[in-house]
Amino acid sequence: MLDLSRLRALHAVSVHGSVAGAATALGYTPSAVSQQITKLERETRTTLLERRGRGVSLTEEALHLVDAAQQLLAIVERTETVLEERRGLPTGRLTIGAFASAGRGLLPGVLAELGRDHPALDVRLDEVDPHLSVDLVAKGVIDLAVAHDWDIAPLPAPEGLAQAVIGLDRCDLLVPAGHPLAGREAVRREELARERWICPPPGTVCHDWLTRTVRTAGYEPDIRHRAEEHHTQLALVAAGLGVAMIPRLGRGTLPAGVVAVRLDPVPERRLYALWRTEAARRPAITAAVAALQTHGAAAGLE
């Protein structure tokens, strides 16, 4: 008999690409995950992981087991959903993946409400990029994702996932206090052709959105500084090193030396919750989505 917890560990290594990544996702130590894989290798009498430099790769036999593990984990999830539905109360573990500014500006209140109103529910938060969160939900690594896309860069959702809109988050142009645009009520994108930009690194949703936005105005952005965190971007703007477009959710109070100017038209990103259709009847999913929408409205999402 194959042990489900060991199959789950192998599946996590496949999804996250490393033993360390699997350990973080499962809440184990890397040593514990390695031990699970070693036991599974003894049970199956086959090699499952091969060393590749500092990392590992899965053998063909391991990939076969990963496919089987995904099917078994889906069966377990459906069974747990039925039991939870029959009880009529949110119970069990619910892992929510959210991008950084949602984790900061939206999830604290949501997690507190769910913990207070549903003590039998074990809710956990993982901070993940929107590009990754959708796939992690589809593969069963997390139960619910808070993702976002932009008006000009929609994020496609794969088959087998359901979604609900949480709200629209607006974005402002942030400039140094002494900037010529700081006193303006509104600025059009065409007026920003000569600005020096501060934005997230390439490959992120916000970087892709910024480059597409300014290109629609007919020019290529002059990106001088790249920083992942909004607070770092704000510090660079305050130092007079460039301008940035930053959403309002989770942004907090602007530091001294930074002024927000409305863009015309106003850029918007859509926040939504995603979950597997197989788990749609879980009371935990229903409660979490309702809490996200309630706190989204309270946070100013339209």
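Trainee: Into which classes do the residues lining the largest cavity fall, and how many are in each?
Mentor: In this predicted model, totals for chains, interfaces and linings use all residues, whereas local features need pLDDT of at least 70 and side-chain atom pairs count only at pLDDT 80 or more. Residues are numbered from 1 along each chain as its sequence is written, and side-chain values use heavy atoms, with hydrogens and water left out. The lining comprises Ile198, Cys199, Pro200, Cys206, Trp209, Leu210, Gln233 and Met245. Counting Ala, Val, Leu, Ile, Met, Phe, Trp, Tyr, Cys and Pro as nonpolar, Asp, Glu, Lys and Arg as charged and the others, Gly among them, as polar, this lining has no charged, one polar and seven nonpolar residues.

Trainee: Which element gives the largest share of that lining?
Mentor: Two elements, β8 (196–199) and α8 (205–216), each give two or more residues to the lining of the largest cavity; helices (H or I, at least four residues) and strands (E, at least two) are DSSP runs numbered from the N terminus. The largest share, three residues, comes from α8.

Trainee: How much space lies in the largest cavity?
Mentor: A cavity is a set of points on a 1 Å grid over the protein atoms alone where a 1.4 Å probe fits but cannot get out, and lining residues have an atom within 4 Å of a point. Searching the whole structure finds one cavity of 30 Å³ or more. The space in the largest cavity is about 40 Å³.

Trainee: Which residues in α3 are met by α2?
Mentor: On the α2 side, the residues are Val19, Ala20, Ala22 and Ala23, where contact means heavy atoms within 4.5 Å. Across from them in α3 are Pro30, Val33 and Ser34.

Methods
1 Å grid on protein atoms, 1.4 Å probe; cavity = no way out; pocket = protein on both sides within 12 Å on 5 of 7 lines; lining within 4 Å. Points joined across faces, edges and corners; volume = space filled by probe spheres on them.
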